[in-house]
Amino acid sequence: MNVPFVSFRVLEKELDAELHGAFERVLGNSWYIEGNEGRQFEEEFAEYCGVKHCIGCGNGLDALFLILKASGIGEGDEVIVPSNTFIATVLAVSRTGARPVLVEPHLLTYNLNADKIEENITDRTKAVMAVHLYGQPADMDAIHAVAAKHHLKVFEDAAQAHGALYKGKRVGGLADAAGFSFYPGKNLGALGDAGCVTTNDDDLAQKVRAMSNYGSDYKYHHIYQGYNTRLDELQAAFLRAKLPILDKVNEDRRKTAGKYLEGIKNKKLILPQVDWNIYTPVWHIFAVRTSERDALASYLEEKGIHTGIHYPIAIHNQQAYQELGIPKGSLPICEEISDTQISLPMYYGMMQEETDYVIKALNDWQ
């Protein structure tokens, strides 16, 4: 049997008419930027997240950058970020001229450890960027408690967590603002690059919207030195076609994750940990850990089971961030995750026999 790491076949077949209809609608309107599809998606996604504002943009990195820039963060400032995250979280901080300060995660949840934030705060710290990694929300109450004590902004990197719940409330409305990515592989993915900012802050929303459109509040009137990063009409239309079944997609992924959690019994594997009374993950990634990752990946590949690694090189060990001056070994929890994490197949429409095949292969692995 061949089990892909990710597949869109079931989703695309189910939404074939809606996706083609979205394309025809945009083509028929002959309006491709800053039109009705974008406005409608922003309203619909804001309602879905339970927030006042959604502002579309070009991608998830731009969304995070716009939040930071509109919040006045720049040269000389510091922003707390998890050491264990995709590099976009950190690039957004660097792009403003601020310094990213990497803080260790919990080993069992992979998310930012709020207990380690305070020791990394200086008089230059302006914000904390909480990442809902792999689709499981960060511990927002604990993060807010530390931030409030030190008068810091709190932002969400929700790029992997569309629809995830923290204490019954959807991500995207758990902080001062949130950035989403709609990269095609996300639980809510466009058919190209796309992103958005969500917030309840009227002033921040106005700044983000203007900054994303050349710093303009209306045509040819520019109040900021802005950027060109907008959600185009075609991607907005595709996202509108997919949004109505996002909860269904997430529930399907939860069922697959439940089968993994119940069925995988191999003692050589460390499974993800979830406090179900607090968190409702959406399982963008189903991550396990083992000290024999390379051997496991090769074994599964031989059986036709494709896997991924998120992420094989810690940010402070990347050439791009040698400027931070963090020696290898300084962030041991992050490095342990980078050295041992492997992601199992996870996608909407994954068949029972595929899941069973993966579980059996894992349990048979010696």
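On the surface of this predicted model, F23, L27, Y32 and I33 together make up a nonpolar patch with about 360 Å² of accessible area, where a patch of this kind joins nonpolar side chains within 5 Å, from residues with over 30% relative accessible area and no salt bridge, that is, no side-chain nitrogen of Lys or Arg within 4 Å of a carboxyl oxygen of Asp or Glu. Areas follow the Shrake-Rupley method with a 1.4 Å probe. Within this patch, L27 belongs to helix α2, residues 16–29, and is partly exposed at a relative accessible area of 42% (buried is under 20%, exposed over 50%, partly exposed in between).

Residues are numbered from 1 along each chain. Local features need pLDDT of at least 70 and side-chain atom pairs pLDDT 80 or more, whereas totals for chains, interfaces and linings use all residues, and side-chain values use heavy atoms, without hydrogens or water.

Turning to the interior, helix α11 (residues 332–340; helices are DSSP runs of H or I with at least four residues, strands runs of E with at least two) has C334, E335, I337, S338 and T340 buried. Their cover includes β13 (286–289), α10 (293–302) and β14 (341–344), with contact taken as heavy atoms within 4.5 Å. Helix α10 also holds E302, which is exposed at a relative accessible area of 70%; the C-alpha atoms of E302 and V249 are separated by 29 Å, at 53 residues apart along the chain.

The model has three cavities of 30 Å³ or more, a cavity being a set of points on a 1 Å grid where a 1.4 Å probe fits but cannot get out. The largest has about 100 Å³ of space and is lined by 14 residues (an atom within 4 Å of a point), with F8, L11, K186, R253 and Y348 nearest its centre.

Methods. Buried means under 20% relative accessible area, exposed over 50%, partly exposed in between (1.4 Å probe, protein chains only). Patches are made of residues with over 30% relative accessible area and no salt bridge: like charges are joined within 9 Å, nonpolar side chains (Val, Leu, Ile, Met, Phe, Trp, Tyr) within 5 Å. On a 1 Å grid over the protein atoms alone, a cavity is a set of points where a 1.4 Å probe fits but cannot get out, and a pocket is an open set with protein on both sides within 12 Å along at least five of seven lines; lining residues have an atom within 4 Å of a point. Grid points are joined across faces, edges and corners, and a volume is the space filled by probe spheres set on the points.
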